[in-house]
Amino acid sequence: MSPLMVGFDLDMTLVDSRPGIAAAYRALTERTGVPVDADLAVSRLGPPLRTELAHWFPPERIEEAVTLYRELYPAYAITPTVPMPGAEAAVRAVHERGGRVMVVTSKIGRLAKLHLDHLGLAVDELAGDLFAEEKATALRAHGATLYVGDHVADMAAARAAGIPGVGVATGPCPAAELSAAGAYQVLNDLVEFPRAVDRIIGLALEG
């Protein structure tokens with residue numbers, strides 16, 4: 001097996017799921033009568049679903065909301081989602097170097113897989129329902145060489161796994177925050193990844 005395994009976050013790293021997730025939240029509002037500001041919710045993607053729903057639903061209704069949201073998700077959130085700029089090329093760059101790609105995301109695995117299959121992103125491994133340091137378990141289990149994400153929690157995951165974290169400033173966390181969170185390097189977007197990948201991988205494999 002290749003020693004190179006690159007982990008990627010999903011939302012706002014590999015895919016722009018904001019339009020679809022907003023649609024799912026609006027459908028949730030229609031079904032429950034609980035107003036969710038969908039635009040605000042998608043401006044802070046990254047933390048687990050329950051964290052966001054806790055802003056809108058009383059504690060006793062959160063599990064009900066989680067279940068319903070996940071039932072609605074396939075019909076509303078998959079088709080509107082598009083790859084982030086450079087996502088396909090970033091995945092291809094890893095494979096061209098004989099490496100493998102894994103996605104580690106806070107989204108549950110079956111919904112993440114729907115996105116990957118719909119967009120045709122060639123991912124070798126998938127681990128879902130993990131956030132921040134929890135992601136380190138999957139990264140270590142699959143021998144990840146580095147982890148790429150848009151959130152400070154992704155940099156915490158990389159740090160906990162003992163591998164370099166590469167930030168992409170395409171999500172809710174600006175470049176300065178990603179750097180302060182310990183990113184080895186911060187890219188404006190994944191378009192820059194293929195140009196930087198050899199240097200990043202070289203450092204990771206030396207470590």
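**View 1. An open sheet of six strands.** In this predicted model, six strands line up in the order S5-S4-S1-S6-S7-S8 and pair in the parallel sense. Strand S5 (125-127) and strand S8 (185-187) sit at the edges, each pairing on one side only. Going from one strand to the next, the twist averages 20 degrees. As a bit of background, strands of a sheet pair through backbone hydrogen bonds, either parallel or antiparallel.

**View 2. Strands S1 and S6 side by side.** Zoom in on strand S1 (residues 5-8) and strand S6 (residues 146-149), and you'll find a parallel pair joined over three bridges. Look for Phe8 here: its bridge partner in S6 is Val148.

**View 3. Helix H5 lying across two strands.** Helix H5 (residues 87-96) lies across S1 and strand S4 (100-104). Its direction makes an angle of about 135 degrees with S4.

**View 4. Tyr25 meets Tyr69.** The model has three aromatic pairs, and here's one of them: the ring centres of Tyr25 and Tyr69 are 5.0 Å apart with planes at 35 degrees, so this pair counts as tilted. Tyr25 belongs to helix H1 (residues 18-32) and Tyr69 to helix H4 (residues 62-77), so the pair ties together parts that lie 44 residues apart in sequence. Tyr25 counts as buried because its relative accessibility is 3%, under the 20% cut-off. Tyr69 is buried too, at 5% relative accessibility.

**View 5. A cluster of tyrosines.** Step back a little from that pair and Tyr73 comes into the picture: Tyr25, Tyr69 and Tyr73 form one aromatic cluster.

Key: Residues numbered from 1 in each chain as written. Predicted model: local features only at pLDDT ≥ 70, side-chain atom pairs only at ≥ 80, totals over all residues. Heavy atoms only, no water. Pairing = 2+ DSSP bridges. Helix = DSSP H or I, 4+ residues; strand = E, 2+ residues; numbered from the N terminus. Axes fitted to C-alpha atoms, helices over the stretch in contact; angles between N-to-C directions. Contact = heavy atoms within 4.5 Å. Phe/Tyr/Trp six-rings, centres within 6.5 Å; stacked < 30°, edge-to-face > 60°. Buried < 20%, exposed > 50% of the residue type's maximum accessible area, 1.4 Å probe, protein only.
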